[in-house]
Amino acid sequence: MGLDVLKAELPEYAKDLKLNLGSVVGNSKLPEQTLWGTVLACAIASRSPKVLRELEPEAKTHLSPEAFDAAKAAAAIMAMNNVYYRAMHLIGDPEYGNLRAGLRMNIMANPGAPKADFELWSLAVSAINGCGRCLESHEQVLRKEGLPRETVQEAIKIAAVINAVGATLEAEAVIG
């Protein structure tokens, strides 16, 4: 099981990550598809080959093929959008907001998974990538869809822990 492998490989100084990984994924109240789509999208966004190698097969067993592809699509489109919208925001000139992005984002109209799931996966990836504008946008959509703040918070906790596990294991592979 991928989660168990990751927990076993975390060093003693990262015991909190081990415990958090078990609790945010293992004890999640999110529906299975929502949870594992979040896990997969975050594993991709973590950029850790080890995390992705361990969590992808497990996610595949919990997701329909359509949801599996939609979670990957959320990670892919947010990799682009988070850079673009974060940069437009950080420039600080509001005139950039009046310019057409001109970037294709067709997947967002028909991602192959329920809108709320795709938005939550996009929000989690945006948390990892640090795009405040995307976080605000996806959170507003989720709230309009009726998702409680606790669900948004849970996705962000999953993102934080998976990203930290990836960073720690990648560092250990180099300096261990």
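**Notebook: salt bridges, helix packing and two annotated cysteines**

I started with Asp69, which forms a salt bridge with Lys72, the closest N and O atoms being 3.5 Å apart. My cut-off for a salt bridge is a side-chain nitrogen of Lys or Arg within 4 Å of a carboxyl oxygen of Asp or Glu.

A note on the model before going further. It is predicted, so I ask for pLDDT of at least 70 for local features and 80 or more for side-chain atom pairs, while totals for chains, interfaces and linings use all residues. I number residues from 1 along each chain as its sequence is written, and side-chain values use heavy atoms, with hydrogens and water left out.

**Entry 1: salt bridges**

Back to the pair I began with. Asp69 and Lys72 are 3 residues apart in helix 5, so about one helical turn separates them. I take helices (H or I, at least four residues) and strands (E, at least two) as DSSP runs, numbered from the N terminus. I then looked up accessibility, where buried means under 20% relative accessible area, exposed over 50%, and partly exposed in between (1.4 Å probe, protein chains only). Asp69 is partly exposed at 45%, and Lys72 is partly exposed at 36%. Salt bridges that share partners also join Glu9, Lys50 and Glu54 into one network.

How many salt bridges does the rule give? The count comes to 6.

Within that network, I checked the Glu54 and Lys50 side chains, which meet at 3.2 Å, N to O. Both residues lie in helix 4, 4 residues apart, about one turn of the helix. Are Glu54 and Lys50 buried or exposed? Both are buried.

Helix 4 holds another pair, Lys60 and Glu56, whose side chains form a salt bridge at 3.5 Å, N to O. They too are 4 residues apart, and therefore separated by about one helical turn. Lys60 is partly exposed at 49% relative accessibility, and Glu56 is partly exposed at 23%.

**Entry 2: helix 1 against helix 4**

Next I looked at what packs on helix 4. Helix 1 (residues 2-9) meets helix 4 (residues 49-62) at an angle of about 155°, with the axes 8 Å apart. For this I use lines fitted to C-alpha atoms, for helices over the stretch in contact, with angles from 0 to 180 degrees between N-to-C directions. Helix 1 is therefore roughly antiparallel to helix 4. My angle classes are under 35 degrees for roughly parallel, over 145 for roughly antiparallel, 65 to 115 for roughly perpendicular, and oblique for the rest.

Which residues make the contact? On helix 1 they are Gly2, Leu3, Val5, Leu6 and Glu9, and on helix 4 they are Lys50, Val51, Glu54, Leu55 and Glu58. Contact here means heavy atoms within 4.5 Å. By class I get 5 nonpolar, 1 polar and 4 charged residues. In this scheme Ala, Val, Leu, Ile, Met, Phe, Trp, Tyr, Cys and Pro count as nonpolar, Asp, Glu, Lys and Arg as charged, and the others, Gly among them, as polar. Glu9, Lys50 and Glu54, the members of the salt-bridge network, all appear in this contact list.

**Entry 3: helix 5 against helix 7**

Helix 5 (residues 65-91) packs on helix 7 (residues 132-144) at about 115°, with the axes 7 Å apart. The two helices are therefore roughly perpendicular. Helix 5 brings Met78, Asn81, Asn82, Tyr85, Met88 and His89 to the contact, and helix 7 brings Arg133, Cys134 and His138. By class that is 4 nonpolar, 4 polar and 1 charged residues.

**Entry 4: the annotated cysteines**

Cys134 made me open the UniProt record. An unreviewed entry places the feature "active site" at Cys131 and Cys134. I keep in mind that UniProt positions are in the numbering used here, feature names are shortened, and annotations may be inferred rather than shown by experiment.

Where is Cys131? It is found in the loop between helix 6 (115-129) and helix 7. Cys131 is buried, with a relative accessible area of 0%. Leaving aside neighbours within four places in sequence, Cys131 is in contact with Asn82, Tyr85, Arg86 and Ser126.

Cys134 sits in helix 7 and counts as buried at 5% relative accessibility. With the neighbours within four places left out, Cys134 is in contact with Asn81, Asn82, Tyr85 and Ser126.
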